[in-house]
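Please look through the structure shown here, beginning with one residue and its contacts and then moving outward to the core and the whole chain.

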Amino acid sequence: MNKQTFIGNLSFDAKAGKINNIDYVSFPVACNSGYGEKKKTEFLDCIKFGASSRLVDILKKGTKVYASGDCWTETFEGKDKRKVRLDTLEILGQRGSVENI
């Protein structure tokens with residue numbers, strides 16, 4: 001596994017669930033790199049195990065987060081998807097807000 005650290009914005013609202021009696025929250029994050037014509041956006045599917053389901057009230061589309069965790073690539077229907085199992089998650093702010101959370 002590789003470790004990845006990134007800052008990005010949620011591209012959809014977070015969803016809560018439970019696997020083997022372990023709560024989790026999952027959400028996609030859009031991360032930008034480069035600038036001008038070389039600007040590129042990468043989408044990462046993130047999952048945080050042991051997270052409170054109350055996070056779904058905070059993690060809405062556009063929320064800026066700092067995150068770090070183990071990443072891997074899965075291929076589904078011919079498309080590669082980047083997945084990240086988060087160790088660290090910090091909420092930096094929400095779209096349209098001035099204050100950090």
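This is a predicted model. V29 is a useful place to start: apart from neighbours within four places in sequence, its contacts are F6, G8, N9, L10, S11, E42, F43, L44, C46 and V65.

V29 also belongs to the largest nonpolar core, a set of 19 residues. Within this core, V29 is listed with F6, V25, F27, C46 and L59 as the residues that have the most contacts. Two or more core residues come from each of β1 (2-10), β3 (22-33), β4 (40-49), β5 (64-76) and β6 (79-93). The largest contribution is that of β3, which supplies four residues.

These elements are part of a protein chain with six strands and zero helices. Read from the N terminus, the order is β-β-β-β-β-β. The radius of gyration is 14 Å, close to the 13 Å given by the globule rule for 101 residues, so the protein chain is as compact as a globular protein of that length. Along the principal axes, its C-alpha atoms fill a box of roughly 45 × 40 × 25 Å.

Among contacts in the protein chain with a separation of 6 or more, 57% join residues 24 or more positions apart. Of the 101 residues, 32% are buried.

Turning to the surface, the protein chain exposes about 7,000 Å², and 47% of this area is supplied by carbon and sulfur atoms. As for charge, the protein chain has 17 positive and 13 negative charges, and the mean positions of the two sets lie 2 Å apart.

Notes: Residues numbered from 1 in each chain as written. Predicted model: local features only at pLDDT ≥ 70, side-chain atom pairs only at ≥ 80, totals over all residues. Heavy atoms only, no water. Rg over C-alpha atoms; globule rule 2.2 N^0.38 Å. Buried < 20%, exposed > 50% of the residue type's maximum accessible area, 1.4 Å probe, protein only. Contact = heavy atoms within 4.5 Å. Areas by Shrake-Rupley, 256 points an atom, 1.4 Å probe, with all protein chains shown as cover. Lys, Arg positive; Asp, Glu negative; His and termini not counted. Charge placed at Lys NZ, Arg CZ, Asp CG, Glu CD. Core = buried A, V, L, I, M, F, W, Y, C linked by side-chain atoms within 4.5 Å.
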